[in-house]
Amino acid sequence: KVIYKMIRSEKSQANERLELNLTRDVIGEVEEEVLEWRDKERKEIDQLKRMETYRREFVGNVSHELKTPIFNIQGYLDTLIDGGVYDGNINVAYLLKAAKNVDRLIAIVTDLDLITRHEAGQLNIVAIRFNILRLVEEVFESLEILAYENNIQLKIKEGCEQNTYVSADREKIHQVLINLVKNSIKYGQEGGTTWIGFYDMNKVVLIDVTDNGMGIDAKHLPRVFERFYRIDSSRSRKQGGSGLGLAIAKHIVEAHNQKIHVRSKLGIGTSFGFTLKKA
Ligand code: ATP
Ligand code: MG
């Protein structure tokens, strides 16, 4: 009875008595139930431990990411307070730099908010029918200047110029494409090219973003979708990256019940592909 009191999560009825039916293997049954309970409990403890590690890492990563812009802002403001505000050579420039770091803080917090909401299951997908070719053209347009500055050409793959209709959340897929194309520019090679192609695969359309940039070493490949994971963090941070883009992209694609994957070869280039439901 004491053992049952320990392992049962529900309280038994007050009038429930432990009946000893000696034709059955009573001890064997109790042992079986206890073992079952132990396995269940162990799994729960394992999961809690995993979550704790994860939470600790997450909090560590977040504070690390926020530190850089906060210290920058502090530095600029302190200089201004210490008299820099009267120095015509730096006052406006430092204010602008401080403002830029505030933008960076906002961008990180917005990304974190999106990830958190997704994990709480609050990222609802509002699927509509739209032309993915048109969306890609919009994405190319908005990244035109960044591409130009990095001397990267953005192209629709030859033979993929036809209108292709998908059923998905247009706004969120826009965000996925922005990150993939932005990555292809940031981690591209001077004079390189990014191609986007569409492939009809029966029930889904595969959207493929390929670049001929620096590529990703095989040992990093399985981890690039992890939040805050950056291969060359100094290069990435210089480009204003916090390593959340691909984690968000994966969340969004998976919230559509679709898949995203990556193929890459160091020094040759990288391809990200994801599927969307055909409309
Ligand atoms: P954020 O997207 O949050 O601004 P980020 O671009 O650094 O920052 P992700 O988009 O998640 O973060 O990418 C993670 C890492 O994967 C990058 O830091 C980069 O090292 C690597 N990576 C991503 N795309 C490419 C690519 N096309 N070619 C080479 N490396 C890439
Ligand atoms: Mg990115």
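Here are four short exercises, each with a worked solution, on a predicted model.

**Exercise 1. Work out how strand E4 pairs with strands E2 and E5.**

Solution. Start with E2, which covers residues 153–156, and E4, which covers residues 193–201. These two run parallel and are joined by 4 bridges. To get your bearings, find Gln153, which sits opposite Thr193 in E4.

Next, go to E5, residues 204–211. Here the pairing with E4 is antiparallel, with 8 bridges. A handy landmark is Gly197, with Asp208 of E5 opposite.

Last, look at the turn: the hairpin of E4 and E5 leaves 2 residues between the strands, and Asn202 in this hairpin has a positive phi near 60°.

**Exercise 2. Describe how helix H6 packs on helix H8.**

Solution. Two numbers get you going, since a pair of packed helices is described by the angle between the axes and the distance between them. For H6 (residues 170–186) and H8 (residues 245–255), the angle is about 145° and the axes lie 9 Å apart. The crossing of H6 with H8 is left-handed.

Now pick out the side that H6 brings: Lys172, Ile173, Gln175, Val176, Asn179, Leu180 and Asn183. They meet Gly245, Leu246, Ile248, Ala249, Ile252 and Val253 of H8. Sorted by class, this contact has 8 nonpolar, 4 polar and 1 charged residues.

**Exercise 3. Do likewise for helix H3 and helix H8.**

Solution. The angle between H3 and H8 is about 35°, and their axes are 10 Å apart. H3 and H8 also make a left-handed crossing.

For the contact itself, H3 offers Asp111, Leu114, Ile115, His118 and Glu119. Their partners in H8 are Ala247, Ile248, His251 and Ala255. The class count for H3 with H8 comes to 5 nonpolar, 2 polar and 2 charged residues.

**Exercise 4. Find out what lines the largest pocket.**

Solution. Begin with the volume of the largest pocket, about 980 Å³. The lining has 47 residues, and those closest to the centre are Asn179, Asn183, Lys186, Tyr187 and Gly245. You've met some of these already: Asn179, Asn183 and Gly245 take part in the contact of H6 with H8.

Then ask which elements contribute. At least two lining residues each come from H3 (91–119), H6, E5, H7 (233–238), H8 and strand E7 (269–278). H6 gives the largest share, 12 residues.

Finish with the chemistry: the lining of this pocket has 21 nonpolar, 15 polar and 11 charged residues.

Definitions and conventions: Residues are numbered from 1 along each chain as its sequence is written. Chains are lettered from A and ligands numbered from 1 in the order in which they are written. This is a predicted model: local features need pLDDT of at least 70, side-chain atom pairs count only at pLDDT 80 or more; totals for chains, interfaces and linings use all residues. Side-chain values use heavy atoms; hydrogens and water are left out. Two strands pair if DSSP finds at least two bridges between them. Axes are lines fitted to C-alpha atoms, for helices over the stretch in contact, and angles run from 0 to 180 degrees between N-to-C directions. A crossing is left-handed if the near helix is turned anticlockwise from the far one by less than a right angle, and right-handed if clockwise. Contact means heavy atoms within 4.5 Å. Ala, Val, Leu, Ile, Met, Phe, Trp, Tyr, Cys and Pro count as nonpolar, Asp, Glu, Lys and Arg as charged, and the others, Gly among them, as polar. On a 1 Å grid over the protein atoms alone, a cavity is a set of points where a 1.4 Å probe fits but cannot get out, and a pocket is an open set with protein on both sides within 12 Å along at least five of seven lines; lining residues have an atom within 4 Å of a point. Grid points are joined across faces, edges and corners, and a volume is the space filled by probe spheres set on the points.
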